[in-house]
Amino acid sequence: IQYMLSHQLQELALDEAAKNYKAPVNCDLLKVPVVNHQIWSQMGMPARAQEMKIQKVLKLLSAGVTDVIEVIDTANMLEAHQDALAFLCSAFFEINNIRRAAIRPVINPNLASLCKPTSVPPRNLLFGDNLAKRVKDCHEDVKTMALIKPAGKQGK
C-alpha cells in the first residue's frame, strides 16, 4: 500500500484493470458525468485539460468503489465496510462539486449558482440534463435579486 501511495502506477495497467469493474446497474451514479456540451464549448484548453484529469481520477475512484462492492457481502456488511464505502462515495460527491467550482470562472457570472454544491447528483451530465431550464431559472433569480437589492447598495 505504501508503494502504491508513493508511486504513480502505470496508466495503461490502471485503465485495463478499471475496465474489469463496471458499476452495478442499480448504481448509475458511479458513472463519471461529462460536462454539458454548452459549457464545454465555452471552456478554454487549460480548463478542459484540468477537467479531463479530474475525470480520470473519478474513473479510477469509480472502479475502486465498484471493486469494493464486488468483494464485500453487501447483505452482511461490517461497519468498517460501510464506513469505507461512505468515505469513497463522499470523495466521489466532493470531487464532482470541485469540478463545478473549477468551471465557475469560465461561465457568465450571472450563472454562478449553477456551480454551487448541489444535493441533486449528476447522472450523465455534470450540470444536469435540464441545463436550459436551470439557466433560465438563474436569469430569473438575478432579475429578482436586482429588484430586492436597495438602489445604490453594493452586495457583499
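1. Let's start with Leu-30, which is buried at a relative accessible area of 9%. Keep in mind as you read that this is a predicted model. Leu-30 isn't part of a helix stretch here; its place is the loop between α2 (11-19) and α3 (37-40). What does Leu-30 touch, once neighbours within four places in sequence are set aside? The contacts are Ala-23, Pro-24, Ser-62, Val-65, Thr-66, Ile-69 and Phe-92. Take Ser-62 from that list: 32 residues separate it from Leu-30 in sequence, yet the two C-alpha atoms sit 5.6 Å apart in space.

2. Now the overall layout. The protein chain has six helices and zero strands, so reading from the N terminus you get α-α-α-α-α-α. The radius of gyration is 19 Å, well over the 15 Å that the globule rule gives for 156 residues, so the chain is more spread out than a compact globule. If you want a feel for the dimensions, the C-alpha atoms fill a box of roughly 60 × 35 × 30 Å along the principal axes.

3. On to burial and surface. Of the 156 residues in the protein chain, 23% are buried. The accessible surface comes to about 11,100 Å², and carbon and sulfur atoms account for 60% of that. As for charge, the chain carries 19 positive and 15 negative charges, and the mean positions of the two sets are 14 Å apart.

4. How much of the contact map is long-range? Among contacts with a separation of 6 or more, 67% join residues 24 or more positions apart. The Leu-30 and Ser-62 pair, 32 residues apart in sequence, is one example to look at in the viewer.

5. Next, the cores. In soluble globular proteins, nonpolar side chains tend to be buried together. Here the largest nonpolar core has twelve residues: Val-35, Ile-39, Met-43, Ile-103, Ile-107, Leu-111, Leu-114, Cys-115, Leu-126, Phe-127, Leu-131 and Cys-138. There is also a second, separate core of six residues, with Ile-54, Leu-61, Phe-92 and Ile-95 among them. You have met Phe-92 already, as one of the contacts of Leu-30.

6. Leu-111 belongs to the twelve-residue core. Beyond its neighbours within four places in sequence, Leu-111 is in contact with Val-135, Cys-138 and His-139. Cys-138 is itself a member of that largest core.

7. Asn-110 sits in the loop between α5 (79-103) and α6 (131-148). Is Asn-110 buried or partly exposed? With a relative accessible area of 39%, Asn-110 is partly exposed. Its contacts outside the four-place window are Cys-138 and Val-142. Asn-110 and Cys-138 are 28 residues apart along the chain, with their C-alpha atoms separated by 7.0 Å.

8. Gln-55 deserves a click too. This residue lies in helix α4 (residues 45-71), and at 7% relative accessibility Gln-55 counts as buried. Not counting residues up to four places away in sequence, Gln-55 touches Val-32, Pro-33, Val-34, Val-35 and Arg-99. Of these, Val-35 turns up in the largest nonpolar core.

9. Last, a leucine to set against Leu-30. Leu-147 is found in helix α6 and, at 75% relative accessibility, counts as exposed, whereas Leu-30 is buried at 9%. Where is Leu-147 relative to Leu-111? The two are 36 residues apart in sequence and 17 Å apart in space, C-alpha to C-alpha.

Definitions and conventions:
Residues are numbered from 1 along each chain as its sequence is written. This is a predicted model: local features need pLDDT of at least 70, side-chain atom pairs count only at pLDDT 80 or more; totals for chains, interfaces and linings use all residues. Side-chain values use heavy atoms; hydrogens and water are left out. Helices (H or I, at least four residues) and strands (E, at least two) are DSSP runs, numbered from the N terminus. The radius of gyration is taken over C-alpha atoms; the globule rule is 2.2 Å times the number of residues to the power 0.38. Buried means under 20% relative accessible area, exposed over 50%, partly exposed in between (1.4 Å probe, protein chains only). Contact means heavy atoms within 4.5 Å. Accessible areas come from the Shrake-Rupley method with a 1.4 Å probe; for residues, only the protein chains shown count as cover. Lys and Arg count as positive and Asp and Glu as negative; His and the chain ends are not counted. The place of a charge is taken as NZ of Lys, CZ of Arg, CG of Asp or CD of Glu. A nonpolar core is a set of buried Ala, Val, Leu, Ile, Met, Phe, Trp, Tyr and Cys residues joined through side-chain atoms within 4.5 Å.
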